Amino acid sequence: MCSIIGCIANSDVSETLVKGLKRMEYRGYDSVGIATSLDSKILLKKEVGRVNVVNSNLKLDTMPGHVGIGHTRWATHGQVNKINAHPHLCSDNSIAVVHNGIIENYWELRKDLEKEGIVFKSETDTEVIPNLLGSFFKQTGNIKEMLMKTVTKLKGQYSFIALLKDGSLIAARFHEPLIMGLGNKGYFVSSDVLGFIEKTDYVIYLENEQFVIIDGKGYKIYNFDGGLARYKINKISKQSNDVNKNGYEHFTRKEIFEQPSTILDTVNNSNNDWETFAEIMQNSPNVYITGSGTSYNIALVAKYLFPMYTTISPESIMSSEMNYSKDRLRKNSLLITISQSGESADVLEAVSIAKEKGLNVISIVNSLASSLERESDASLGLYCGTEIGVAATKSFTSQLSVFYKIIELISKQHIKFDFKTVSKLISEILDNEPTIMNIAKEIKNASDIYILGRGIHYPIAKEGALKIKELSYIHAEGFATGELKHGPLALMDKSSYVIAINPEDNTYQDNLSNIQEVKARGAKIIGLSNKHHDLYDHWIKIPHLEPSILYPLIEIIPFQLLAYHTSLEIGADPDYPRNLAKCVTVK
Ligand code: BG6
């Protein structure tokens, strides 16, 4: 998944493009490129690497031209190299294109265009777009017709922005997010409001199968069939789109340390219609919960949580597996979708499958006005602020706290969870950071780390392992402790590190017996518990918490810190881990 941006103004735009790409870099950081138009010629610079580095080498932000486009890449087709970096030009250099998504039929289109004598330079799927546009412009001489003919040819999921040498911009959306910004000194189009957030807070969310033509005279939005499109101008809040590090070295550490307050921001925000959400859940014959990555681990916790306090027994289904699980979906049931970004392609596909099967869809999302929020029947916002760090941290504890809050509303046991105490205990764990930094120093060279948890702690073992994989590139795996002796115990030897999630609750004693078995195979034990035990080679102390059902909200924090510090120990960038992106808008 990439970030794309376009801008047309009455002054040079390259600096605005570079700043926009910098804010959207979490969407992809393999390469950067910009193209501007000046005196009916297209200027283009691109290179492999991060925005700041490439900009300081190539001086992207000094390129002249009052109209331009930009891109940061998360490679899907073709290696990470300069030729495959965007923008891509058509064969006569009159059109430049930046693209987010996948053109599934690019190979056939490429073969057809090669028959017309067009020579391709890159391995990308994207390069067919400027060449199709170029070929149709030769035929029609008309920008609108050129675009309509092009989108009828493209298959897949995409949004792209094209810069024409005459200085006009065109952009099209087919499933991938695309947002226009209306400034008083210029127009913007981008995959994310962060692209132009400092320039305007008036935006138009392009709907699916729409395109826009922007030139010096203004803009027109059309449907793919050529008809004028209906659209709404929205005012967005800059505050909820704040992307400052506030003195922290990394967004990831900032977002980890925000959690004592973000959890309270989530459960105390009055914008959410909690009652309706709870009612819809209560009145649904079957409840399915879906998500990807960290958001899916929330679905796993909910599976343990709801039956304890309510008559609801949700089923968790990974979004990327929904296509092969649709026979499990019962009509008139409810699908709850969880997504920080609201743009993960797998989650959006799960929504369309559920709707086809006649289910209601409600969502828990952080990015308001995202595609998921707009396609859901109802939704709850996290209000935990923008999350930039690619590994989800504060969104996880906020997503979790949403379900605890909903249980308060649904359960007949009239329970009240003390979120203030949870917030205070998270601060206590954050104060214990030096202990975790020392453990990071020791495990940084480990080849395998196993995380154990029973009951509601098992999904946290999964999430802990995911954090360590995402940020420290060490193979880590979360197990239900009891499953160990049925196979994974074979993996254990003197080189293994085992982190046992073992607070004093109904899982404590059973866990200790299994920890004994692991210790007997020579593995190093890191005990994560409110109580010390001699079996532990290292003890990560977490405070005692009642009711123990709340432990998932605090016991994930040490894993976030451990992953962050191990990432630093191996010299990686915790905010932009290799091969990943903040949300993946391709399947
Ligand atoms: C991945 C992110 O791309 O997508 C993960 O790196 C995230 O951190 C996952 O958990 C799902 O994203 P979302 O936005 O749908 O919750």
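## A hairpin of strands 12 and 13

In this predicted model, Gln210 stands opposite Asn223 of strand 13. The two residues belong to a pairing in which strand 12 (residues 210-215) and strand 13 (residues 218-223) run antiparallel, held together by 6 bridges. If you follow the chain from strand 12 to strand 13, you pass through a hairpin of 2 residues.

## The open antiparallel sheet

Let's turn to a sheet built from 8 strands. It is open, its pairing is antiparallel, and the strands follow the order 3-2-4-1-10-9-11-14. Which strands form the edges? They are strand 3 (41-48) and strand 14 (234-235), each of which pairs on one side only.

Within this order, strand 2 sits between strand 3 and strand 4. Strand 2 (residues 31-38) and strand 4 (residues 67-72) are joined by 6 bridges and run antiparallel. To find your way along this pair, you can start at Val32, whose bridge partner in strand 4 is Thr72. As you look along such strands, keep in mind that side chains in a regular strand alternate between the two faces of the sheet.

## A parallel pair and its crossover

Strands 15 and 16 offer a pairing in the parallel sense: residues 287-291 of strand 15 meet residues 315-318 of strand 16 over 4 bridges. Here Tyr288 stands opposite Glu315 of strand 16. How does the chain get from strand 15 to strand 16? It crosses through helix 9 (residues 293-309), and the resulting β-α-β crossover is right-handed.

## Around the ligand

Helix 9 comes up again at the ligand, where it gives the most to the surrounding shell, with 3 residues. In total, 15 residues surround the ligand, and the closest are Ser295, Ser339, Gln340, Ser341 and Ser344. As for the site itself, the ligand sits in the second largest pocket.

Several polar atoms are worth a look here. The side chain of Ser295 places an N or O atom 2.6 Å from an oxygen atom of the ligand. The backbone takes part too: an N or O atom of the Val390 backbone is 2.9 Å from a ligand oxygen, and for a backbone N or O atom of Ala581 the distance to an oxygen atom of the ligand is 2.8 Å. How much of the ligand does the protein cover? On its own the ligand has 390 Å² of accessible area, and the protein covers 92% of that.

## Cis peptide bonds

Two peptide bonds leading into prolines deserve a stop on the tour. The bond from His86 to Pro87 is cis, with omega near 5 degrees. Pro87 lies in the loop that runs between strand 4 and strand 5 (88-89), and strand 4 is the partner of strand 2 described above.

The bond from Glu546 to Pro547 is cis as well, with omega near -10 degrees. You will find Pro547 in the loop between strand 24 (538-541) and helix 17 (551-555).

## Positive phi outside glycine

Where in the chain is Ala369 placed? This residue is in the loop between strand 18 (360-365) and helix 11 (371-375). Although Ala369 is not a glycine, its phi is positive, at about 70 degrees.

His414 is another residue other than glycine with a positive phi, in this case near 50 degrees. The loop that holds His414 lies between helix 12 (394-410) and helix 13 (419-431).

Note on methods: Residues numbered from 1 in each chain as written. Predicted model: local features only at pLDDT ≥ 70, side-chain atom pairs only at ≥ 80, totals over all residues. Heavy atoms only, no water. Pairing = 2+ DSSP bridges. Right-handed = clockwise from strand over helix to strand, strands pointing away. Near = heavy atom within 4 Å. Polar contact = N/O pair within 3.5 Å; in protein donor to acceptor, adjacent residues only side chain to side chain. Areas by Shrake-Rupley, 256 points an atom, 1.4 Å probe, with all protein chains shown as cover. 1 Å grid on protein atoms, 1.4 Å probe; cavity = no way out; pocket = protein on both sides within 12 Å on 5 of 7 lines; lining within 4 Å. Sits in = over half its atoms within 2 Å of the grid points.
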